[in-house]
Amino acid sequence: MSSDVTEVSSDEVSSPEVPSPEVPSSGGPATGVPLLDVPPIEVLCPQCAVPADPQGLRCPSCREDLAALVRLRHAGRIDYNEALAAARAGDDASALVLLRRALAAEPGLRPARELLDAVAARSGGPADG
């Protein structure tokens with residue numbers, strides 16, 4: 001399993017520690033900035049319908065491997081994290097693609113919408129499309 005899933009918590013959206021004045025900062029304990037209010041994603045085991053442990057990749061009841069399902073359920077947040085890193089590195093084109101993909105996967109992901117608007121404004125392009 002790639003490390004992408006481990007950097008995305010089910011109840012927060014993480015961000016790199018490098019601050020950027022143009023890009024909203026979600027922060028966390030390491031940055032001293034409060035975490036964004038993002039609801040957790042519940043992943044149910046397809047075998048026994050038991051909620052998965054947010055920190056694990058196996059069902060706590062039947063031990064079914066849920067890694068692929070967790071990755072799919074967190075795809076929008078993973079794309080958001082990658083977009084945030086791209087935006088902070090100045091790669092607005094990649095950030096815009098990743099943010100649109102994040103919002104397609106999770107339309108209610110407010111931090112992705114806000115970052116998309118900020119990056120689009122900074123690059124002079126439209127937020128949608």
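**Figure 1. Contacts of Asp79 in helix 2 of the predicted model.** Not counting residues up to four places away in sequence, Asp79 touches Leu98, Arg101 and Ala102, where contact means heavy atoms within 4.5 Å. Asp79 has its place in helix 2; helices (H or I, at least four residues) and strands (E, at least two) are DSSP runs, numbered from the N terminus. With a relative accessible area of 4%, Asp79 is buried (buried means under 20% relative accessible area, exposed over 50%, partly exposed in between, with a 1.4 Å probe and protein chains only). The C-alpha atoms of Asp79 and Ala112 are separated by 9.0 Å, and the two residues are 33 apart along the chain. Residues are numbered from 1 along each chain as its sequence is written, and side-chain values use heavy atoms, with hydrogens and water left out. This is a predicted model, in which local features need pLDDT of at least 70 and side-chain atom pairs count only at pLDDT 80 or more, while totals for chains, interfaces and linings use all residues.

**Figure 2. Packing of helix 2 against helix 4.** The two helices pack at an angle of about 25 degrees, and their axes are 11 Å apart. Axes are lines fitted to C-alpha atoms, for helices over the stretch in contact, and angles run from 0 to 180 degrees between N-to-C directions. Helix 2 is therefore roughly parallel to helix 4 (under 35 degrees counts as roughly parallel, over 145 as roughly antiparallel, 65 to 115 as roughly perpendicular and the rest as oblique). From helix 2, Tyr80, Ala83, Leu84 and Ala87 meet Pro111, Ala112, Leu115, Val119 and Arg122 of helix 4. The residues of this contact divide into eight nonpolar, no polar and one charged; Ala, Val, Leu, Ile, Met, Phe, Trp, Tyr, Cys and Pro count as nonpolar, Asp, Glu, Lys and Arg as charged, and the others, Gly among them, as polar.

**Figure 3. The largest nonpolar core, with Leu99 among its members.** A nonpolar core is a set of buried Ala, Val, Leu, Ile, Met, Phe, Trp, Tyr and Cys residues joined through side-chain atoms within 4.5 Å. This core has 17 residues, of which Tyr80, Ala95, Leu99, Ala112, Leu115 and Val119 touch the most other members. Helix 2 (75-88), helix 3 (92-105) and helix 4 (110-123) are the elements that give two or more residues to the core. Helix 3 supplies the largest share, six residues. Leaving aside neighbours within four places in sequence, Leu99 is in contact with Tyr80, Ala83, Ala112, Leu115, Leu116 and Val119. A second, separate core of seven residues includes Ile41, Val43, Cys59 and Val70.

**Figure 4. Surroundings of Asp92 in helix 3.** Asp92 is buried, with a relative accessible area of 14%. Its contacts, leaving aside neighbours within four places in sequence, are Ala87, Val119, Arg122 and Ser123.

**Figure 5. Two residues with positive phi before helix 1, Ala49 and Arg63.** Most residues other than glycine have a negative phi. Ala49, although not a glycine, has a positive phi of about 65 degrees. Ala49 is exposed, with a relative accessible area of 52%, and lies in the segment before helix 1 (67-73). Arg63, also not a glycine, has a positive phi of about 70 degrees and lies in the segment before helix 1.
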